[in-house]
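Morning, everyone. Let's look at how protein and DNA meet in this one. Here it is on the screen.

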Protein chains: 2
Amino acid sequence: MIDGGARRGRADKRTAILAAAFRVFAARGYAQACVRDIADEAGVAKPTVYNHLTDKESLFRESLLAAADRARVRLDAALDGLRAPGDPAVALARAVGELAEVLASDEVRSLRLLALGNAALFPELVGEAHRRTSAATATALADRLARLVLSGALRRCEPDRAAGHLLSLVDGALDARSAWGSRELPAAEARAAGEDAVEVFLLAYGGQASE
Amino acid sequence: MIDGGARRGRADKRTAILAAAFRVFAARGYAQACVRDIADEAGVAKPTVYNHLTDKESLFRESLLAAADRARVRLDAALDGLRAPGDPAVALARAVGELAEVLASDEVRSLRLLALGNAALFPELVGEAHRRTSAATATALADRLARLVLSGALRRCEPDRAAGHLLSLVDGALDARSAWGSRELPAAEARAAGEDAVEVFLLAYGGQASE
DNA sequence: CCGGAAATGAACCAACGGGTTCAAGTTATT
DNA sequence: AATAACTTGAACCCGTTGGTTCATTTCCGG
C-alpha cells in the first residue's frame, strides 16, 4: 500500500499510468500489452511512462499491487455489513452476496487472472496478491464468524477453518457459474451464488436455532 | 479428443511435439515460450514443428486440448473408486482425496492456469477446457452422489448442486493451502485437503446416520 | 512572471522471435 | 533398389516492441 520511494514526476500522471496499465494488461495480457498502448490509454507520452517507472516489468508489478490494494478495500467493505446488528443469517447472506459481487467484478477477476497467468514471469506476485486479497479477506471473515459463534448463530467451530470453507463455496460457485470466468456473470447472479454458498454453509455450521 | 484432420508427417513426432509444447508453455507461459525451445524439448527441428502445425497459436491450442483430455482421464479414474461397494463415507473421503491429488498435480494445475492466463488470446479455450475437465468431473461426481442419496448415505438433495458444492470445497481448500498455487503442495497435503472438504460436505449433506 | 522540472512527440536503435526457404540426409513403402 | 515423403540444420527475412535520445513546449511553485 505504501512504498516510500522518492517519486519522480507529477503524482497524478503516475496514478493515471498505473490505472491505465492495469486496464491494458487485463484486456490484452502482459506480453501482448505494449507500452505504447498503455501510454495512449493513460493519455501520456511514452517517455513519461519511463520517467515514472523503470521498465515494463515494474509497470506490471506496481499496477497489479495497486489494484490488489483497491480490491482489498472493496472486499473489506463488503464484509463490514457483518458488523451491524440484526438477524445474523440474513446479515451473512447479504454480506457474502455483496462479497461475491465484488469477487465477480472485472477488476478483481482480472487481478487474480493476471497474477496467476504470469506466475512464470512474476512468481512473487502470486503470493503477494493472494496475501493482500484472499488471505486478508479470509482472516477478516474469520473475525466476523468468531463473533457469530459467540452469539450462538453458528455452532462451535474454528473460525479460520470455517471462513476458508465459506470462501471456497463462494469462489467455487462463481467459477462454476461463469465457467472459469469465460462467461460474463451479471451482478445479480453473482449475488445469488454468494447467497447459495451461505445456505450450504449454514447447513454445516449453523447453530441449533438456524437448523 | 478426436479430430479427424488428415495428419501430416510421422505421428510419433506430432505427439512428442504436443507434449513438449505443453511442458514449455507451462514452464514459461505462452508469450515467453519460443518455438525454438519447443522444438528442442521435443527433440525435433523447427521446420518439423511447422510441418505438423500451422503456427504457434494452433500449437498452443492443440497441446492444451490434448492435456485437457489426459486430465479428464485422470479425474475420472479418481472418481471410479466410488463405484466400489463399502462404507460410503470412507469411499467418498478416499475418492475425493485422490481427486484432490490429481487437481493439485502439476499437469492439471498448469492446464487451468494456461487456459485462464491466456484467455485474452484464446477466449474459446477457457470454456472448452472447463467443459472437458471441471464440468465433466462435476457431472460424473453428481452421478455418484445420486447413488449415495438413493442408498441413504446422503440426505435428499439435488446431486448436481451438491457435486458443485463438494468440488468448490476441494478447489477452495487447494487454493487456500497453496496460496493460489504459489506454494508447491505435497500429495499428502492435497489428499488431506480433499478429505477435509468431504468432512464439511458431510456435515451439510450427510444422511441421518452419518450425522 | 520567472526558472527549473516535467511532459511531449518524433525519430531512432537493437534484440527477439515467428515463420520461410533450401539443399542435403533419412525414413518408409512398394 | 527406387521413389516419395519426411526430417534436418542453417541461414535468412521482417514485423514488433522495449527502451533511449533530444529539441521543444508546457506546467507549477515561489
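Start with a phosphate. A backbone N or O atom of B:A45 sits 3.0 Å from a phosphate oxygen of DNA strand D. That is a polar contact, meaning a pair of N or O atoms within 3.5 Å; within protein, one must be able to donate a hydrogen and the other to accept it, and residues adjacent in sequence count only if both atoms are side-chain atoms. B:H52 also reaches a phosphate oxygen of strand D, at 3.2 Å, using a polar side-chain atom.

Before going on, the ground rules. This is a predicted model: local features need pLDDT of at least 70, side-chain atom pairs count only at pLDDT 80 or more, and totals for chains, interfaces and linings use all residues. Side-chain values use heavy atoms, without hydrogens or water, residues are numbered from 1 along each chain as its sequence is written, and chains are lettered from A and ligands numbered from 1 in the order written.

Now the bases. A side-chain N or O atom of A:K46 is 2.6 Å from a base oxygen of DNA strand D.

Next, the wider surface. There are 19 residues around strand D (a heavy atom within 4 Å). A:V35, A:K46, A:K56, B:T48 and B:N51 come nearest. Of the strand D atoms within 4 Å of the protein, 71% are sugar and phosphate. By class, eight residues are nonpolar, five polar and six charged.

Which helix gives the largest share? Helix 3 of chain B, with four residues.

Confidence, finally. The model scores ipTM 0.92 and pTM 0.93. Chain A has a mean pLDDT (the predictor's confidence in each residue, from 0 to 100) of 94.

Key:
Helix = DSSP H or I, 4+ residues; strand = E, 2+ residues; numbered from the N terminus. Nonpolar A, V, L, I, M, F, W, Y, C, P; charged D, E, K, R; others polar.
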